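Please open the model in your viewer and keep the sequence beside it, so that each selection can be followed in both places. The tour moves from the whole chain to single residues.

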Amino acid sequence: GRGDTGVAVPCPHVSPVSPRCPSYVEGIVALFYAEDGDVAEDEELQDWVGEIFTYGVLGNEKSGRGHGGA
């Protein structure tokens, strides 16, 4: 959320990659990337996101292949 100063503050007790806290993630990304295209062109970041998806989502029994997924 945002404090009285208008500065984004982290959501308490929520992972920074949680969809319940998109403003935190957006704020962090905006510090390093001016445009969406900059994010898409960062190969190292894209590889890292791919690993998170492959091992953290698909590899998770509750959300991925072990939960009726492919």
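The stops below begin with the whole protein and then pass along its helices.

Begin by selecting everything and colouring by confidence, since this is a predicted model. The mean pLDDT of the protein is 73, and 60% of its residues reach 70 or more. Where pLDDT is low, the predicted coordinates should not be read in detail.

Next, switch to a cartoon view, in which you should find three helices and zero strands, following the pattern α-α-α along the sequence. If you keep the confidence colours on, the lowest mean among these helices, 84, belongs to helix 1, whereas helix 2 (residues 36-41) has the highest, at 92.

Now turn on the surface of the whole protein, which exposes about 5,800 Å², with carbon and sulfur atoms supplying 57% of that area. Of its 70 residues, 7% count as buried.

Select residues 22-32, which make up helix 1, and look for L31 within them. Is L31 buried or exposed? L31 is exposed, because its relative accessible area of 64% is over the 50% cut-off. Add I28 and F32 to the selection, and you will see that these two residues and L31 form a nonpolar patch on the surface, with about 350 Å² of accessible area together.

Finally, move to residues 43-58, the 16 residues of helix 3, which should span 22 Å at 1.5 Å a residue; the C-alpha atoms at its ends are 21 Å apart, which agrees. At the N-terminal end of helix 3, select D42 and E44: D42 caps the helix there, with a side-chain oxygen 3.1 Å from the backbone nitrogen of E44.

Key. Residues numbered from 1 in each chain as written. Predicted model: local features only at pLDDT ≥ 70, side-chain atom pairs only at ≥ 80, totals over all residues. Heavy atoms only, no water. Patch = residues over 30% accessible without salt bridge, like charges linked within 9 Å, V, L, I, M, F, W, Y side chains within 5 Å. Areas by Shrake-Rupley, 256 points an atom, 1.4 Å probe, with all protein chains shown as cover. Salt bridge = Lys/Arg side-chain N within 4 Å of Asp/Glu carboxyl O. Helix = DSSP H or I, 4+ residues; strand = E, 2+ residues; numbered from the N terminus. Buried < 20%, exposed > 50% of the residue type's maximum accessible area, 1.4 Å probe, protein only. Expected span 1.5 Å × (residues − 1). Polar contact = N/O pair within 3.5 Å; in protein donor to acceptor, adjacent residues only side chain to side chain. pLDDT = per-residue confidence, 0-100.
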